[in-house]
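Open the model in your viewer and keep the selection tool at hand. The stops below say what to select and what is there.

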Amino acid sequence: MTTQPAPTNLHDPSREPGDAREPGPSPDHDPSRERLRRWRLVLGGEQADGTGCALSGRDAAMDGALAALYGKGDKPQPGRERAAGLGASAPSVARWLGDIRAYFPSSVVQVMQRDAIDRLGLAALLLEPEMLEAVEADVHLVGTLLSLNKAMPETTKETARAVVRKVVDDLEKRLATRTRATLTGALDRSARVSRPRHHDIDWNRTIAANLKHYLPEYRTVVPERLIGYGRAARSVKKEVILCIDQSGSMAASVVYASVFGAVLASMRSISTRLVVFDTAVVDLTDQLDDPVDVLFGTQLGGGTDINRALAYCQAHITRPAETVVVLISDLYEGGIREGMLKRVAAMKASGVQFVTLLALSDEGVPAYDREHAAALAALGAPAFACTPDLFPEVMAAALEKRPLPIPETA
């Protein structure tokens with residue numbers, strides 16, 4: 001028996017699609033039957049599911065959508081083959097995509113789409129414009145489209161760009177304002193002044209620096225030295241190099257890093273360079289005004305030569321003490337390991353702030369080379385996975401040259 005992954009929200013048949021309210025109990029509501037109904041939808045209706053519950057109406061349609069994707073196990077029962085499945089028919093896939101969007105919330109739709117691509121080999125169908133128009137766009141779909149970029153026919157490319165554009169625009173709206181505000185504050189704080197205006201005084205640092213002037217009789221501190229925030233000038237104060245591993249496993253990180261790269265490039269006080277690499281190195285800095293162009297300039301897949309990429313970055317560092325290098329990679333090095341570590345050590349010795357992110361995504365800690373991660377940590381460059389929400393704080397800490405906010409799970 002094959003158990004279907006449980007949907008996170010099994011809608012009541014009487015509810016309309018998109019209705020987020022919880023259905024109230026009806027007068028004849030039977031809790032035990034409702035439990036059987038849910039188990040029946042989860043278990044998939046095989047003979048051994050033990051529920052004895054029949055489905056009809058909307059429940060039956062929902063079950064059909066689930067069975068089309070999850071209904072065939074690795075070991076079907078002898079002499080019994082379920083008829084469900086998406087096959088290779090584009091029209092049937094289009095109908096199925098419409099069905100799941102009607103029956104399930106967006107977060108579940110995205111998971112089911114991902115499973116359909118992985119389990120049923122539907123990636124090729126994404127090369128058809130009508131398929132792209134029907135799917136629920138998310139970061140993972142963008143990664144899949146980028147991996148198919150070279151095989152994509154011209155008739156599909158404009159539709160694919162529109163799908164990617166929608167996801168990128170949504171990410172920018174969510175991330176840009178907070179990133180700019182956080183980093184602007186970090187840049188201002190990095191320029192301390194000794195005679196600040198009143199509204200520029202850093203009271204925490206001022207009090208700490210003047211504790212020896214505490215007057216017990218007045219229960220107060222008399223500050224003899226004021227410490228304040230400087231205001232970042234319009235000239236470039238810091239340089240940031242994003243060095244991104246574009247191997248297939250880093251797809252979501254490439255998407256987020258491209259968006260953040262565009263946001264950083266929009267800030268006058270930061271000079272941003274974006275470099276992607278596999279066994280070759282490509283500088284996409286001149287495309288940073290449009291993260292969609294950046295993404296379509298990447299080529300997901302291939303090998304990994306971190307040492308070569310870092311050599312390129314190192315050659316473009318002109319002000320080490322004012323430079324932050326962010327390496328985003330799972331650290332599976334196909335190049336020269338000792339060379340990679342020597343370059344990191346040399347950059348740090350010159351004053352570069354070096355940040356190593358195993359991933360820049362919401363997917364948690366990925367598989368990574370633990371030996372290389374330990375070696376980098378020994379050099380003072382600990383490697384950790386970072387969520388998009390944490391990234392502005394990580395960059396702010398790096399710009400201010402203070403300890404990085406490494407998650408406890410790292």
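The tour goes from the whole chain to its cores, then to salt bridges and a cavity.

**Before you start**

This is a predicted model, in which local features need pLDDT of at least 70, side-chain atom pairs count only at pLDDT 80 or more, and totals for chains, interfaces and linings use all residues. Residues are numbered from 1 along each chain as its sequence is written, and side-chain values use heavy atoms, with hydrogens and water left out.

**Stop 1: the whole chain**

Show the chain as a cartoon: it has 14 helices and 10 strands. These are DSSP runs, numbered from the N terminus (helices: H or I, at least four residues; strands: E, at least two). Of the 410 residues, 47% count as buried. Buried means under 20% relative accessible area, exposed means over 50%, and partly exposed lies in between, with a 1.4 Å probe and protein chains only. Among contacts (heavy atoms within 4.5 Å) with a separation of 6 or more, 75% are between residues 24 or more positions apart.

**Stop 2: the nonpolar cores**

A nonpolar core is a set of buried Ala, Val, Leu, Ile, Met, Phe, Trp, Tyr and Cys residues joined through side-chain atoms within 4.5 Å. Select Trp96, Phe104, Met112, Leu145, Val326 and Phe391, which have the most contacts inside the largest core, a set of 79 residues. Helix H7 (residues 154–189) gives the largest share of this core, 10 residues.

Now select Phe391 alone. Which residues is Phe391 in contact with, leaving aside its neighbours within four places in sequence? They are Leu242, Phe260, Val326, Leu357, Leu360 and Cys386. A second, separate core has 25 residues, including Phe277, Leu331, Leu341 and Leu358.

**Stop 3: salt bridges around Arg37**

Side chains of opposite charge can pair when their charged atoms come close. A salt bridge here is a side-chain nitrogen of Lys or Arg within 4 Å of a carboxyl oxygen of Asp or Glu. The whole structure has 14 of them.

Select Arg37 and Glu34, whose side chains meet in a salt bridge (2.8 Å, N to O). Both residues lie in helix H1 (residues 31–43), 3 residues apart, about one turn of the helix. Add Asp59, which also forms a salt bridge with Arg37 (2.7 Å, N to O). This pair links distant parts of the chain, since Asp59 is in helix H2 (residues 57–70) and Arg37 in helix H1, 22 residues apart.

Is Asp59 buried or exposed? Asp59 is buried, at 6% relative accessible area, and Arg37 is buried at 7%. Add Arg38 to see the network of salt bridges that links Glu34, Arg37, Arg38 and Asp59.

**Stop 4: Asp389 and Arg174**

Select Asp389 and Arg174, whose side chains meet in a salt bridge (3.2 Å, N to O). Asp389 is in the loop between strand E10 (383–386) and helix H14 (391–400), while Arg174 is in helix H7, 215 residues apart from it. Asp389 is partly exposed at 43%, and Arg174 is partly exposed at 41%.

**Stop 5: a cavity**

On a 1 Å grid over the protein atoms alone, a cavity is a set of points where a 1.4 Å probe fits but cannot get out; lining residues have an atom within 4 Å of a point. The structure holds 2 cavities of 30 Å³ or more. The second largest has a volume of about 50 Å³, where volume is the space filled by probe spheres set on the points, joined across faces, edges and corners.

Select its lining: Gln110, Gln113, Arg114, Ile117, Asp138, His140, Leu141 and Thr144. Helix H4 (106–120) and helix H6 (139–147) each supply at least two of these residues, and H4 gives the largest share, 4 residues.

Note on methods:
1 Å grid on protein atoms, 1.4 Å probe; cavity = no way out; pocket = protein on both sides within 12 Å on 5 of 7 lines; lining within 4 Å.
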